[in-house]
Every structure is written in structure tokens, then in C-alpha cells.
Amino acid sequence: MDIYPKDIKKPKPALFCNVKIFVLCHSLLQLTQLLYSSYFKSTITTIERRYGLDSLSSGTISSLHEVGNTVFIAFVSYMGNRVHRPRFIGLGGLLMSFSAIILALPHFLSQPYTYDSVLHASRQDMCYLRANATGAEACGQEESRKLVDTSKFWVLMATAQLLFGIGSVPIQPFGISYIDDFAGAGNSALYIAILFAVSVFGPSFGYLLGSVVLQIYVDVDRAGAGVALELTPADPRWVGAWWMGLLITAGGLALTSLPYYFFPRELHVEKSFELEGDIKEDPKKTEGSMLDFFKMFPKMFVKLLLSPVFMLLVLSQCCFSSVIAGLATFLNKFLERQYSASAAYSSLLIGALNLPSMAVGMVLGGLIMKRWGLSFRAIPRFSVVMLSISVFCCVPLFFMGCPTQDVAGVYPKTSNAIDGPHLSCSANCSCPSSAFNPVCGENNIEYISPCHAGCTNFTMDPKNPYRVQIYSNCRCIPDLATAKPGPCANTCPHYLLPVMLLISLAGLIASLTHNPIYMMVLRSVPPEEKSFAIGVQFLLLRVLTWLPAPALFGMTIDSTCIWWKIACGKKQGCGYYDNNLLRNRYLGLQVGYKTLGIALLAFIGWKMHRTREYSLEKKPEGPL
């Protein structure tokens with residue numbers, strides 16, 4: 001029997017009337033959200049290989065969630081306390097979970113993964129001297145299907161990313177404001193610090209999850225997945241189970257979203273010792289109509305844009321954030337191409353070394369601010385010194401790379417190449433133009449397939465009946481010598497760990513400036529405009545950095561490609577890069593962004609030295 005009259009609301013369970021429980025739930029949700037984002041980035045190169053995407057297309061997909069976030073952030077800024085914030089957060093979490101499932105759908109809607117192999121009747125790529133080459137052969141049914149799948153699934157993944165961006169809009173603004181409204185005055189900062197301390201592990205967990213699932217064959221859930229025994233994770237044709245981690249994160253997002261539906265719209269404010277001068281904003285306070293908000297928005301926005309110190313600081317942050325975007329999206333690919341690391345091992349190194357070092361740097365930067373109380377004028381000088389050291393740490397990376405492997409007909413160009421990788425010695429082999437099954441000849445030259453090496457026979461591995469041990473009677477190799485399956489060995493894999501340590505050290509040193517610069521942004525605007533300034537700051541970071549930077553880095557990487565896989569005359573992902581160009585352009589773009597950011601900070605420091613107007617010590621909010 002219901003003891004509560006219909007006009008009286010039932011009280012929420014006591015467990016969900018505690019702000020500490022909300023902090024715990026929100027920490028787990030933000031951790032899972034960041035885990036999803038970083039996991040997806042760890043699978044970028046695998047998705048490229050599976051669906052024949054170039055780096056520009058994959059970089060664009062990676063950044064599309066920022067579009068949904070940017071479009072709706074203004075509405076969230078307005079709604080504030082007017083809505084049931086916990087339920088909106090829960091709704092956003094479920095939408096992100098749904099988007100993760102949509103992102104995994106291409107795996108279940110597409111045909112099983114196929115690759116070139118001498119063991120597949122329909123994909124044989126040995127040299128058959130009597131075979132007749134026809135135009136239809138160059139664009140068969142399978143190649144046509146691949147092109148259709150690439151376009152169709154790109155749109156599906158782009159839609160999923162847009163939905164994820166919309167779902168992520170209420171998470172941080174509503175969560176932090178809810179905690180700040182109902183935590184005790186002395187506890188708010190502590191709870192928010194705990195929130196970020198827990199969620200900072202999300203990116204590392206995402207890359208570590210990627211390192212596990214990418215060692216599992218992509219079609220492990222389908223009959224006939226035994227063909228995977230022919231490949232190893234180090235094979236350039238290998239595709240890991242990229243979809244599996246998405247289902248795991250979708251489940252995690254759904255589970256961490258459900259508790260929000262049990263939290264009330266308002267909590268009782270915690271009783272705690274309030275510092276003198278601390279004023280808590282009334283959560284029930286109204287803020288005018290949406291029309292008033294949008295009338296006020298352009299005026300305040302232009303006022304901030306005309307604030308030179310604020311704009312210069314935000315632009316410098318855009319430069320440093322662009323470096324992070326390039327690393328997060330394509331560091332995996334850089335390590336795979338330069339040092340022949342597998343996608344799984346690259347993700348493991350990034351999750352275990354690179355991301356934790358940056359988190360440590362951010363914490364140390366906060367401790368430096370607290371210990372030495374850097375002034376408004378000292379922060380630019382401190383940041384310029386630290387970031388310059390970070391740039392110097394990157395200089396050796398330009399010389400710690402592997403030269404491009406010799407690939408017959410591809411690199412370097414030779415006189416006996418009659419049409420790209422098609423050599424005169426294999427002209428009568430009728431090699432398919434779409435073949436990609438690298439082999440390494442005894443002469444230490446790589447060929448894009450046994451057919452292009454002119455091989456007519458092969459021997460199976462006695463230890464593994466699914467794997468070729470050697471190709472023989474190869475016409476393009478002197479003395480009709482043999483070739484081994486797989487690409488030729490990399491000449492400098494010993495550079496991999498030193499390079500990762502240098503990148504991690506540079507990231508740690510650069511991260512020391514994160515908190516000081518952020519605090520400088522907060523103190524560069526009047527107190528009453530601080531909240532609006534933070535919103536504009538994140539808006540500009542998204543529009544100027546997180547949207548264009550991954551695509552720009554993708555275009556830069558594509559510009560170093562020397563041989564594209566082709567299907568029906570259209571590009572289907574890059575087969576070979578010029579390693580020296582890839583290293584110099586990828587790292588050079590990062591150093592260029594850092595140098596521009598340092599120049600902006602140096603200009604701010606010079607302006608601070610000449611102007612006493614911006615002295616933080618004069619601000620009523622006290623020292624940093």
C-alpha cells in the first residue's frame with residue numbers, strides 16, 4: 001500500500017541524496033567518456049586498413065564529435081539550473097553509449113574481411129605466366145563492393161561521432177555546476193579536484209584496452225575465422241577486433257549513466273566551514289529569458305575577442321592543443337610506420353608512458369603554482385622556458401628514424417619499373433593492380449606481392465598448415481631466388497623505446513605549463529565574466545584546434561605517401577610512406593605549432609613587463 005498521498009513526492013533514496021555519491025558517479029562517467037575517446041583514437045590506423053581510408057578521412061571522423069559539442073554548448077550554457085541536471089547528464093551518457101554502438105555497426109553490416117593471399121582461391125596473387133589480364137579483372141565485384149562499403153560506413157561512423165558530441169555536451173558543465181551548487185563551500189574545490197584526478201586515468205585505460213583487443217583478429221566472432229592463423233599482428237594485412245572495445249565502452253557508458261536518474265533535481269547544501277568572503281550562488285536563482293541571453297551573447301563575445309591578453313592566451317593554448325590533437329590521433333600510425341611497431345604495441349606504449357607522463361606534468365604544474373605562487377608576469381616567462389626545453393627535447397627525434405625500405409618499383413624509382421610496382425620481369429604475370437601481400441626477397445628488396453616478385457611456387461610452413469613458409473622461383477630476384485612472406489625487417493626498431501621516452505619527457509615538461517596558463521586565462525578577465533570567458537575559451541579551442549588539427553595532420557601524413565592501394569582506380573589507403581618525409585613533416589608541424597605558441601607567450605610576457613594593468617597581485621581574488 002502506498003503511504004504517500006498523490007500530491008506529495010516520494011523521497012529519493014538517501015544514497016542518492018549525497019553529493020559525495022554524485023562525485024563518485026560523475027568521476028566514473030567522465031572516466032568512461034575519456035576511455036571511449038582515447039580507445040577510438042587507438043584504433044584509427046586499424047579502421048583505415050579495414051575500410052581503405054586515407055589519413056584525412058580518418059582524422060576528420062576523429063574530430064567530428066566536436067561539431068555536435070560546439071553547436072549545442074550555447075544552449076547548455078543558457079539552461080543551467082533551469083533543468084533537471086542529473087537526468088540530462090544521464091540522457092547524454094545513454095546517447096554516447098548509443099553512438100558507440102552505431103560506431104561498431106560497420107563491422108556487423110560488412111562482409112568478412114578479405115586480404116590478398118596465395119591460399120585463397122579468389123585472391124591468389126602468384127605469378128601465372130599464361131593468365132590473361134582483362135579490364136574487368138582490375139575492377140571486379142569485390143573491389144566495387146569495397147568502394148561502396150567505404151563510402152557507406154564512413155557516413156555511419158561520422159554520424160556516430162556527431163551523436164557522441166551531442167551526448168557529451170551536458171556532462172562537464174552540468175556535473176561541475178551541480179557539485180559546486182550543493183557541496184559545502186570548503187569542499188567544492190576538493191570534490192572537483194577528485195573528479196578530474198579519477199577521470200584523468202580514462203585516456204590511459206583507453207589505449208591499454210586498444211592494446212588488448214587489437215591483438216584479436218577482427219572476424220573472431222564469425223565462422224571461418226581460422227584464416228587468421230595465416231596472419232600475425234605484425235603483418236601489414238592484419239586487422240584487429242577494433243569493434244570489440246566499442247561494445248565494451250558502450251556498456252560502460254550505459255551503466256555509469258543509469259544512477260543519474262535516481263538523483264533529485266536539488267540536494268541539501270552540505271554543512272561545512274565557509275571561508276570568509278565565500279558566497280554560494282543560489283541554485284534556484286533565475287537568469288532571464290533565452291532571448292535576453294542571445295541578445296547579450298554577441299556583445300560579451302566581441303568584448304572578449306577585443307581583449308588582447310585573453311585572445312593571445314587562448315591562441316597560444318590553441319597551438320599547444322593542436323600538438324596534443326596530432327599526437328592523440330596519429331602517434332600510433334607514426335610508430336607503426338617508422339619503427340614497425342604493431343597497432344597493439346603502439347597503444348600499449350602510449351597508454352603506459354605518454355599519457356601518464358602528461359598527467360604527472362599537469363599535477364606538478366599545479367604544485368609549482370601553489371608552492372611558488374607565480375605572478376601574472378612570471379607565468380609567461382616560466383611557460384616560455386619550459387616549452388622551449390620541450391622543443392629542444394624533440395630535436396633528436398628528427399634524426400631517430402628509419403629510412404624508407406627499398407620496394408621494387410615504388411622506392412627508389414628504377415628504370416625497369418614500367419608502371420609503378422609493375423616490373424618488366426613480372427610483366428607477363430598478370431598481377432592484379434589491387435594486390436597487397438608484401439614479401440621480402442633474398443636481395444633484401446621488398447615486393448608488394450609474390451606476383452610482383454615473379455614467384456611461381458610456394459612452400460607451406462610445416463608447423464602451421466595455414467601459413468606460407470617461403471616463395472620460390474621468383475623471376476624478379478637474381479638467380480630465381482626465394483622470398484619470405486611479410487615486409488623486410490626494419491633497420492632501426494631499437495629506436496622505438498628511446499623515441500617514446502623522449503616524446504613522454506617533452507610532454508611532461510610542456511604539461512608543467514598547463515595549469516599556470518589556464519589560471520592566467522581566468523585572471524585576465526573581470527570576475528563577473530569568468531564563467532562566460534571559460535565557455536568562449538572552450539568554444540575557440542574546439543573551432544580552432546580540435547576540429548581542424550586532426551584533419552590537418554592527416555593531410556600532412558597523406559602528402560608523404562609514395563604508393564596508394566587502388567581499387568577500381570580509386571585510392572584505398574596508403575601502402576607505403578616516405579619515412580623521412582613522414583618523420584620530418586609530422587614532427588615539424590608539431591614543432592611549428594609549439595614555436596608559434598611560445599612566440600605568443602613571449603609577446604604576452606613583454607606586454608606584461610611594460611604594463612602594470614595586468615598585475616595579478618592587484619586583483620581582489622588574491623594571488624594564484
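Which residues does leucine 312 touch, not counting residues up to four places away in sequence? In this predicted model, leucine 312 touches Leu600, Phe603 and Ile604, where contact means heavy atoms within 4.5 Å.

Residues are numbered from 1 along each chain as its sequence is written, and side-chain values use heavy atoms, with hydrogens and water left out. Because the model is predicted, local features need pLDDT of at least 70 and side-chain atom pairs count only at pLDDT 80 or more, while totals for chains, interfaces and linings use all residues.

## The protein as a whole

The secondary structure of the protein comes to 20 helices and 9 strands; helices (H or I, at least four residues) and strands (E, at least two) are DSSP runs, numbered from the N terminus. Of the 624 residues in the protein, 54% are buried, and the terms used here are buried for under 20% relative accessible area, exposed for over 50% and partly exposed in between, with a 1.4 Å probe and protein chains only. The protein exposes about 28100 Å², and carbon and sulfur atoms supply 65% of that area; accessible areas come from the Shrake-Rupley method with a 1.4 Å probe, and for residues only the protein chains shown count as cover. Among contacts between residues at least 6 apart in sequence, 80% join residues at least 24 apart.

## Residues in helices α13 and α15

Leucine 312 has its place in helix α13, and leucine 312 counts as buried because its relative accessibility is 14%. Leucine 312 and phenylalanine 603 are 291 residues apart in sequence, and their C-alpha atoms are 8.6 Å apart in space.

Serine 316 is also found in helix α13, and serine 316 counts as buried because its relative accessibility is 0%. Its side chain reaches the backbone oxygen of leucine 313 at 2.6 Å. Not counting residues up to four places away in sequence, serine 316 touches Gly597, Leu600 and Leu601.

Serine 383 lies in another helix, α15, and serine 383 too counts as buried, at 0% relative accessibility. If its neighbours within four places in sequence are left aside, serine 383 is in contact with Thr513, Ile517 and Leu601.

## Backbone details in loops

Two residues other than glycine have a positive phi, and the table sets them side by side.

| Residue | Phi | Loop | Relative accessible area |
|---|---|---|---|
| Serine 340 | near 55° | between α13 and α14 (343-372) | 46% |
| Leucine 480 | near 50° | between β6 (464-472) and β7 (483-485) | 47% |

Serine 340 is partly exposed, and leucine 480 is partly exposed as well. A further backbone detail is the peptide bond from tyrosine 411 to proline 412, which is cis, with omega near -15°. Proline 412 is found in the loop between α15 (378-394) and β1 (417-419).

## A cavity and a pocket

Both kinds of space are searched for on a 1 Å grid over the protein atoms alone: a cavity is a set of points where a 1.4 Å probe fits but cannot get out, a pocket is an open set with protein on both sides within 12 Å along at least five of seven lines, and lining residues have an atom within 4 Å of a point. Grid points are joined across faces, edges and corners, and a volume is the space filled by probe spheres set on the points.

A search of the whole structure finds 4 cavities of 30 Å³ or more. The second largest cavity holds about 150 Å³ of space, and of the 15 residues that line this cavity, Glu48, Arg49, Lys333, Arg337 and Cys574 lie nearest its centre. The elements that give two or more residues to this lining are α2 (44-51), α13 (308-339) and β9 (570-577), and the largest share, 4 residues, comes from β9. By class, the lining of the cavity has 3 nonpolar, 5 polar and 7 charged residues; Ala, Val, Leu, Ile, Met, Phe, Trp, Tyr, Cys and Pro count as nonpolar, Asp, Glu, Lys and Arg as charged, and the others, Gly among them, as polar.

The second largest pocket has a volume of about 1100 Å³ and is lined by 49 residues, of which Ala234, Pro236, Ser340, Pro487 and Cys488 lie nearest its centre. At least two residues of its lining come from each of α2, α13, α14, β6, β7 and β9, and β9 gives the most, with 4 residues. The lining of this pocket divides into 25 nonpolar, 14 polar and 10 charged residues.

Notes
Polar contact = N/O pair within 3.5 Å; in protein donor to acceptor, adjacent residues only side chain to side chain.
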